[in-house]
Amino acid sequence: MEERFRQLHRQCMSGRWSLSGSRVTHCLQCCPPPPLGPALIEELSEIFRSSPSAEDRKKDQDSWELILTCDHVTTLTQHRDHNYVRPVVRCPECQVRRGVVHSKRLGPAYTDEGVKATYGESEQARLAAELASAKEKLRREQQRAAATSSQIDQLEKQLQLPVHDGGTK
């Protein structure tokens, strides 16, 4: 049987499957699995029917406030069974994966009506931190601009120095 399988599936580099108690092996690439029986279909249907709706699953999500290594503050929504936050997330402002310096659970991400919850105090803190960061960035850029402007003034003065040849201009 193994030799027959190899002859039929020379080009198949996929995995294999077989039925319990059978010596026949099938490949995962070109041999479809056998169809499901009516009892198994009914069992799977019951599982799918009993699973909570998307709206119900939203009620089990919490929001987290994250401070990233780039000093940006963002929020993350995840299931409340997770008591930790991933150590690296994508910063929505930098568009780069950044490390999480600090995380704080804010509470339910959605209200009972399924509407995204708002966090006035934490949102104000996030905006204040973002404003402070933007002001610091502006201050640094203004310092660089002032230094460049000073350098330009000095170069212009050097270009406009009078030429001395015997006391006449």
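This is a short tour of a predicted model, with a suggestion at each stop for what to select.

**Stop 1: the whole chain.** Start with a cartoon view of everything. You should find four helices and six strands. Trace the cartoon along the sequence and the elements follow the pattern α-β-β-α-α-β-β-β-β-α. Now switch on the surface: its accessible area comes to about 13400 Å², and 54% of that belongs to carbon and sulfur atoms. Of the 169 residues, 18% count as buried. If you like to look at contacts, take those between residues at least 6 apart in sequence: 32% of them join residues at least 24 apart.

**Stop 2: a nonpolar patch.** Next, select Leu36, Leu40, Ile41, Leu44, Ile47 and Phe48, and show their side chains. Together they make a nonpolar surface patch of about 560 Å². Pick out Ile41, which lies in helix H2, residues 38-50. Is Ile41 buried or exposed? It falls in between, counting as partly exposed because its relative accessibility is 43%.

**Stop 3: the cysteines.** Finally, select Cys70, Cys91 and Cys94, and show the sulfur atoms. How many disulfides does the whole structure hold? A search finds zero. Cys91 is in no disulfide, and its nearest cysteine sulfur, that of Cys70, is 3.7 Å away. With 1% relative accessibility, Cys91 counts as buried. Move on to Cys94: its closest cysteine sulfur is also in Cys70, at 3.7 Å, which is too far for a bond, since a disulfide needs the two sulfur atoms within 2.5 Å. Cys94 counts as partly exposed, at 25% relative accessibility.

Note on methods: Residues are numbered from 1 along each chain as its sequence is written. This is a predicted model: local features need pLDDT of at least 70, side-chain atom pairs count only at pLDDT 80 or more; totals for chains, interfaces and linings use all residues. Side-chain values use heavy atoms; hydrogens and water are left out. Patches are made of residues with over 30% relative accessible area and no salt bridge: like charges are joined within 9 Å, nonpolar side chains (Val, Leu, Ile, Met, Phe, Trp, Tyr) within 5 Å. Accessible areas come from the Shrake-Rupley method with a 1.4 Å probe; for residues, only the protein chains shown count as cover. A salt bridge is a side-chain nitrogen of Lys or Arg within 4 Å of a carboxyl oxygen of Asp or Glu. Helices (H or I, at least four residues) and strands (E, at least two) are DSSP runs, numbered from the N terminus. Buried means under 20% relative accessible area, exposed over 50%, partly exposed in between (1.4 Å probe, protein chains only). Contact means heavy atoms within 4.5 Å.
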